[in-house]
Structure formats: C-alpha cells, structure tokens
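Hi everyone, thanks for making time for this. Let me put the structure up, and then I'll walk you through a few places in it.

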Amino acid sequence: MEAIWTEIRAAIHGVWLKRWIVAAVAWALCLAGWLVVSQIPNQYESRARVFVQMRQILPGDGVASQIEQQKDIDRVRQTLTSAVNLEKVVRGTALANTVASERDIADRVAGLQKIIKVTAQQDNLFEVSATVSDNGNSDAHNAKLARSIVQKMIDIFVEDNLASGRDEASQSLAFLDQQLEQRQKQLQEAEAKKAEFQAKYLGSLPGTGTLTERLATARSQLAQLNGDLAAAQSGLAAVNGQMAGTSATVAGGGGGVVAGPARARVSAIQGQLAEARARGWTDNHPDVMALRSQLSAAQSAARGERPVVTGGGGSTANPLYLSLKAMQADKAAQVAALMNRKAQIEADIASFEQKMAGDPAAAAEQGAIDRDYQVLKAQYDKLLADREQVKLRSQAASQADAVKFSVIDPPTAPRSPTAPNRPLLLTGVLIAGLGGGVAAAFGLSRLNSSFSTAAQLERASGMSVIGSIGEVMTAGQNALRRRRLQMFAAAMGGLAFAWIALLGLEMFQRGMVA
C-alpha cells in the first residue's frame with residue numbers, strides 16, 4: 001500500500017512539474033471543443049395531441065360503420081406527411097418566405113418529411129410533433145416556426161378527414177346515380193319486352209303470370225272447385241232424400257197465411273250468404289257472386305208471389321216441405337253454378353295446355369323474360385335503397401359531427417432548445433480539456449529521466465541510496481516561483497471564467513427565446 005501511495009505522489013509531483021502543459025492543453029482542447037459545441041444548431045420541438053371521437057348518428061350505423069370511419073382516420077394519418085400536404089404546410093407557414101421556385105419548395109418538403117412525426121397513441125389519440133433546427137434564423141423564429149408547423153398539420157388533419165367524408169359521400173352518390181340510370185333503362189327495356197310478349201302470346205288467356213303459373217293456378221282452383229261441387233251435390237242429394245220422406249200437405253184446423261216457395265228460397269239464400277261471409281269469403285268470391293245472383297232472381301220472383309191462405313178445414317201446405325223445396329232449388333242452383341265454373345276452368349286449362357303444346361318455346365321465353373325482369377327490379381330497388389341511405393348518412397354527417405376532433409394538448413411554444421444540451425456539453429468539454437491536460441503532463445513526466453523520490457532511484461538503479469539533499473531556494477527564487485504560481489492560477493481561473501461566461505450566454509439566449 002505504501003508503494004502505491006508513493007507512486008501516486010510521484011505521479012502528482014510529475015504532473016505538477018508539467019503544470020503549464022496542463023494549462024496549455026486544457027485551453028487548447030476547451031477552445032476547440034467549445035467552438036464545436038457552438039456550431040451545433042439548436043433544435044426546437046413543438047408537440048400537440050389530437051383526440052378523435054366517433055359517434056353513431058343513425059340507428060342503422062353499427063360496428064361496421066365505426067370500423068370504416070377508423071380506417072378513414074388511419075388512412076389520413078398515414079398520408080398526412082405526403083408531399084401534397086407538406087406543400088400546404090410550406091405555403092401556409094413562414095417557410096413560404098424562403099422559397100422562390102418549385103425546387104425550393106421541393107427542398108422544404110423533403111426537409112419537413114424528416115422533422116415531422118405523426119404517432120398514433122391509445123384510443124384514437126394522435127400526437128403530432130415537429131423539430132426545427134437552426135437554419136440561419138433566430139432561435140425565437142425557429143421556436144415560432146415549429147409551433148406554426150404543428151398547428152398547420154392539425155388543420156390539415158381535420159380538414160382532410162372532413163373533406164374525405166364529403167368526397168366519399170359525393171362520389172358514392174354519383175356512382176349510385178349512374179348505376180340507377182343504367183338499371184332504369186334496362187328495366188324499361190325489360191318491361192317493354194314483357195308487355196310485348198304478353199300482348200303477343202298471353203293477351204287472350206285468363207289470369208296473370210307465366211303460362212306455367214297460370215296453369216298451376218287453374219289446376220289448384222279446379223281441385224278446390226271439385227271439392228265444393230262434391231259437397232254441393234251431397235247436400236242436394238240429402239235435401240232430395242228429406243223431400244222424398246216429407247208430405248207436401250198437412251191436415252189443418254184454422255186458416256192462415258203461409259209463405260210461398262219463392263219467399264222461402266229467398267230466406268234460404270240469405271242464410272247461405274250469411275254463412276259464406278262468416279267463413280271469411282269476400283264479395284269477389286265466385287260462390288258469393290253466384291249466391292248474390294240467385295238472390296236477386298229469387299227476390300224478383302218473390303215480389304210477384306202471393307201468400308198462400310189456408311182455409312179452416314181440409315189439408316194445407318206443409319211448411320217444412322216448402323222449406324225443403326226452397327233448399328232444393330237453392331242447392332240445385334249452387335250445383336249448376338259450380339258446374340258452370342268447373343266447365344270454365346277446364347276450358348282455361350285446355351287453352352293453357354293447347355298454347356303450351358302449340359308453342360313450347362313460349363313458356364321458356366316468358367320464364368326467361370320474367371327472371372330478367374325480376375333480377376333487374378331487385379337490383380334497381382337495392383340501388384335505390386342504398387342511394388337513400390348514403391344520402392341520409394351524408395346529410396346527417398353534415399348537420400351533426402359524426403367525427404369530432406378535439407385538440408387535447410395545443411401546439412407547444414418551445415422556450416428552450418430540446419437539443420443539444422449545451423450546458424452539459426460545455427461542462428463536458430471543460431472536464432475533457434482538464435483531463436487531456438493532465439494526461440499530457442503525466443505522459444511527458446514519464447518520459448523524463450529524473451526521479452521524484454529516492455525509492456524510485458533505488459528501484460531503477462538497483463543500488464541503495466545513502467541519502468538525499470533537499471532543494472534550497474533563495475528569496476529571489478521563491479518570489480519567482482510565487483509569480484509563476486499566480487500566473488498558473490490566473491490561467492486556470494481564466495479557463496473557469498470562460499466556462500461560466502459561456503453558460504451565462506447560453507442562459508441569456510434561452511431567456512431571449514422565452
């Protein structure tokens with residue numbers, strides 16, 4: 001341990017003997033380093049944060065609509081630093097005063113692409129930052145320029161999102177209008193072709209729809225009619241059976257007035273009409289129409305019929321028989337009407353089958369025409385509904401803020417350079433200069449052939465040192481040494497003063513920016 005301490009003392013003594021080397025090297029390194037630090041341009045950074053809030057306007061808008069809005073916002077964010085937008089920044093800020101040609105604009109745009117950053121943070125939060133370096137202007141000008149660049153970027157961000165929504169809506173409406181016009185022309189052509197085919201092939205045939213549909217409808221009606229006819233015939237047979245077992249007259253006591261067959265038939269038909277309406281049949285139902293026709297005829301007959309007056313003795317007309325007689329007439333009329341209806345439907349079916357057998361391609365042609373018409377009609381209706389939806393959404397978005405932009409943190413006005421950290425660099429240069437001077441002095445002391453202590457001489461020569469003689473200084477030599485010491489202290493103090501002055505100048509410049 002004593003040997004180490006001896007070496008340290010010897011090294012310090014050697015450096016002290018070369019103290020002017022320390023001062024010279026320190027001054028040289030500090031001056032060179034401080035000059036380099038002074039040439040580093042100041043960088044002023046401005047930041048801002050924007051929050052994008054997406055709201056649901058229409059009840060039909062859901063997650064899909066919000067996803068589309070999010071995609072639009074991400075697209076605008078990614079294209080925010082495009083050359084077109086950065087050219088707007090150049091022309092809208094103080095950079096416009098530094099351009100005189102298109103080449104200058106291109107250079108400014110290239111520079112902005114390096115200093116502007118748009119970062120997506122959490123939950124639709126975006127940060128826009130711009131860092132402006134020294135470009136020959138004052139620090140205050142650069143700080144204001146950084147803030148104006150960020151503000152312009154925010155304006156472009158908001159405008160591009162709103163404009164993109166309006167442009168997309170107008171483009172969608174224009175496209176839908178064009179498609180609707182084309183579909184309308186095609187639909188009109190299909191309608192004309194359908195009308196021409198119906199006038200040519202189906203004008204004389206009953207019903208609506210294609211030949212196949214009309215034939216199927218007629219067969220369905222015939223099947224239902226057969227059932228009704230069977231029921232009517234069964235009812236007529238039942239009435240006939242009851243009449244066969246019922247006497248036409250009955251033995252009577254006192255005289256009276258009995259309704260005739262015509263009036264009884266009117267009552268029976270009215271009961272059947274009431275039953276038909278109870279079933280839910282309308283006046284357009286064939287059976288109802290037949291009953292109403294029969295009722296009109298029965299009422300006409302009943303107006304001219306006189307009541308039957310019975311005397312006091314002998315036989316009289318049986319009312320039950322008269323009622324059954326009316327029911328028989330009604331059932332017979334109903335069966336006749338159903339038979340006529342059946343004959344008509346069978347004739348229609350025969351005409352359909354004859355038409356299809358005579359021209360088998362007509363059914364296929366009509367099917368193709370109807371399919372084309374239905375497809376075009378469905379497409380037209382869908383396009384019309386889409387157009388109304390887009391128009392409604394566009395109007396809602398223009399009247400209410402579907403996407404709301406909020407500036408959470410406005411663009412900051414930098415009061416001090418974000419880089420470089422000049423006080424730290426100045427201090428580092430001072431420390432490096434002093435360290436370099438000490439290292440240079442120590443290196444030179446190691447090259448010297450003299451020895452600071454007797455122990456060093458013993459180790460170097462391998463011989464014992466009997467003794468050492470201390471340095472004897474005269475008064476003149478002491479005075480000279482004091483003056484040199486004062487000069488060294490002044491040199492090192494001047495170095496410290498220069499460092500303090502540079503720090504003060506840096507603080508003063510920062511105060512000027514603020």
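Before the first stop, one term: two strands pair if DSSP finds at least two bridges between them. And please keep in mind that this is a predicted model.

With that in hand, let's go to strand 2 and strand 3. They pair in the antiparallel sense, over five bridges. If you'd like a place to put your finger, Thr119 stands opposite Glu127 in strand 3. Strand 3 is also mostly covered, with eight of its nine residues buried.

That brings us to the largest nonpolar core, which has 25 residues; Leu112, Ile116, Ile149 and Met153 are the ones that touch the most other members. Which elements give two or more residues to this core? They are strand 1 (43-54), helix 4 (83-92), helix 5 (102-115), strand 2 (116-120), strand 3 (125-133) and helix 6 (139-202). Helix 6 gives the most, with eight residues. Zooming in on Leu112, and not counting residues up to four places away in sequence, you'll find that this side chain's residue touches Leu86, Val89, Val90, Leu95 and Ile149.

Now for a couple of helices. Helix 9, residues 286-303, has 18 residues, which at 1.5 Å a residue should span 26 Å; the end C-alpha atoms are 26 Å apart, so that agrees. The buried residues of helix 9 are Asp287, Val288, Leu291, Gln294, Leu295, Ala298 and Ala302. Why do we say they line one face? Looking down the axis of helix 9, its buried residues fall within an arc of 125 degrees, so they line one face of the helix. The background is familiar to this room: an α-helix has 3.6 residues a turn, so residues three or four places apart point the same way.

Helix 12 has 26 residues and reaches 37 Å from its first C-alpha to its last, close to the 38 Å expected at 1.5 Å a residue. Among its buried residues are Gly433, Gly436 and Gly437, along with Arg422, Leu426 and Leu430.

Just ahead of that helix, please find Pro420, in the loop between strand 8 (403-409) and helix 12 (422-447). Is Pro420 buried or exposed? Its relative accessible area is 12%, and the cut-off for buried is under 20%, so Pro420 is buried. What does Pro420 contact, leaving aside its neighbours within four places in sequence? The answer is Ile40, Pro41, Asn42, Leu425 and Arg510. Take Asn42 from that list: its C-alpha atom and that of Pro420 are separated by 6.2 Å, although the two residues are 378 residues apart along the chain.

My last stop is the aromatics. How many aromatic pairs does a search of the whole structure find? Two. In one, the rings of Trp16 and Phe488 have their centres 5.9 Å apart and their planes at 85 degrees, so the pair is edge-to-face. This pair links distant parts of the chain, with Trp16 in helix 1 (residues 2-17) and Phe488 in helix 14 (residues 475-513), 472 residues apart. In the other, Trp20 and Phe488 are also edge-to-face, at 5.8 Å centre to centre and 85 degrees between the planes. Trp20 lies in helix 2 (residues 19-39) and Phe488 in helix 14, so this pair ties together parts that are 468 residues apart in sequence.

Ring pairs therefore link Trp16, Trp20 and Phe488 into a cluster. Phe488 is buried, at 12% relative accessible area. Trp16 is partly exposed at 40%, and Trp20 counts as partly exposed at 35%.

That's my tour, thanks for listening!

Key
Residues numbered from 1 in each chain as written. Predicted model: local features only at pLDDT ≥ 70, side-chain atom pairs only at ≥ 80, totals over all residues. Heavy atoms only, no water. Core = buried A, V, L, I, M, F, W, Y, C linked by side-chain atoms within 4.5 Å. Buried < 20%, exposed > 50% of the residue type's maximum accessible area, 1.4 Å probe, protein only. Helix = DSSP H or I, 4+ residues; strand = E, 2+ residues; numbered from the N terminus. Contact = heavy atoms within 4.5 Å. Expected span 1.5 Å × (residues − 1). Arc of directions from axis to C-beta. Phe/Tyr/Trp six-rings, centres within 6.5 Å; stacked < 30°, edge-to-face > 60°.
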